[in-house]
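Dear colleague,

Please find below the structure that I am handing over to you. I would be grateful if you read the notes beneath it with the structure open beside them.

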Amino acid sequence: KNKFFLTIDLNKSSEENLLEDIFGVDKEKIKKIGVLEEVKDGTIFIKNIEKMSSKMQGKFLRIYEEKKFYRIGGVFPIKINFRLMASCTYSVQQLKKNKKFNNDLLNKINFYEIQVPSIRQRSEDIKELVKKFVSDSCGIYKVNDKKITNEVIEYFSNLNSINSIAQLKKFIEWTLFMLTDLSNSEIDKKSIINLMNSFLEKQTSSEKNILFEENIKVARESF
């Protein structure tokens, strides 16, 4: 109770920035407290733990074994005690099979595993989620939800390229944000397809993921 719950998303930043955010910095002109120090007996939630580099895995394994860590550039150990939770797009067995994750660390953090069904395994929920995300996005971007046709709901509900609820939400937000100029007109399936065709024509394959990796304003600016 009343303890910190801090999140680290390994998919959101570079290795160097992540290490500074997690461990902190103690250099001549730079002093920075990291998540490990800030959490103070609380809980750290690591998203996308499968993205953790071998270097960072080694650091976390050492922390588990020694119950202490050093800020980057620091020489004095800092004692630490925290609970670790993590999310992963793979099962623990898949991580072990891929041999890209340190088994010793995996065994230490895998105290209890909860498998969350993928969006494709929850087909009966997709339409209600779409309605919720569309309604929320209309409120944020001042779009009259009465302008959203039923075929738009069906279109969003049957996207085969969406791999998670987070991606579905992000895609709906981005789409309605991009179509706010059409707020005086009806937003239908054709307007969304035209938008996507224009976007895909302008982006390289490596840039197309910006819809799911960046915030909505960045995605629009890239377009």
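The notes that follow describe a sheet, a pair of helices and three individual residues.

Please bear in mind throughout that this is a predicted model.

I begin with the sheet. It is open and consists of 3 strands, arranged in the order β1-β4-β7, with parallel pairing. The edges are taken by β1 (residues 5-9) and β7 (residues 83-86); each has a single partner strand, so one side of each is left without a neighbour in the sheet. From one strand to the next, the twist averages 20°. As general background, the strands of a sheet pair through backbone hydrogen bonds, in either a parallel or an antiparallel manner. Here, β1 pairs with β4 (residues 43-47) in the parallel sense, over 5 bridges. Within this pairing, Ile8 has Ile46 of β4 as its bridge partner.

Next come the helices. The axes of α6 (residues 123-140) and α8 come within 9 Å of one another and cross at roughly 40°. Angles under 35 degrees would count as roughly parallel and those from 65 to 115 as roughly perpendicular, so α6 is described as oblique to α8. The crossing of these two helices is right-handed. On the α6 side, the contact is made by Leu129, Val130, Phe133, Val134, Ser137 and Cys138, and on the α8 side by Ile165, Leu168, Lys169, Ile172, Glu173 and Leu176. By character, the residues of the contact between α6 and α8 comprise 9 nonpolar, 1 polar and 2 charged.

Two loop residues deserve a look for their backbone angles. Asn48, in the loop between β4 and α3 (residues 54-66), has a phi near 60°, which is a positive value in a residue other than glycine. Lys99, in the loop between α4 (residues 92-98) and α5 (residues 103-109), is likewise not a glycine and has a positive phi of about 55°.

Are these two residues buried or exposed? Asn48 has a relative accessible area of 17%, and because buried means under 20%, Asn48 is buried. Lys99 stands at 73% relative accessibility; the threshold for exposed is over 50%, so Lys99 counts as exposed.

The last residue is Ile187, found in the loop between α8 (residues 165-178) and α9 (residues 189-202). Its relative accessibility is 0%, so Ile187 counts as buried. Ile187 and Asn144 lie 43 residues apart along the chain, and their C-alpha atoms are separated by 9.7 Å.

Yours sincerely,
A colleague

Note on methods: Residues numbered from 1 in each chain as written. Predicted model: local features only at pLDDT ≥ 70, side-chain atom pairs only at ≥ 80, totals over all residues. Heavy atoms only, no water. Pairing = 2+ DSSP bridges. Helix = DSSP H or I, 4+ residues; strand = E, 2+ residues; numbered from the N terminus. Axes fitted to C-alpha atoms, helices over the stretch in contact; angles between N-to-C directions. Buried < 20%, exposed > 50% of the residue type's maximum accessible area, 1.4 Å probe, protein only. Parallel < 35°, antiparallel > 145°, perpendicular 65-115°, else oblique. Left-handed = near helix turned anticlockwise from the far one by under 90°. Contact = heavy atoms within 4.5 Å. Nonpolar A, V, L, I, M, F, W, Y, C, P; charged D, E, K, R; others polar.
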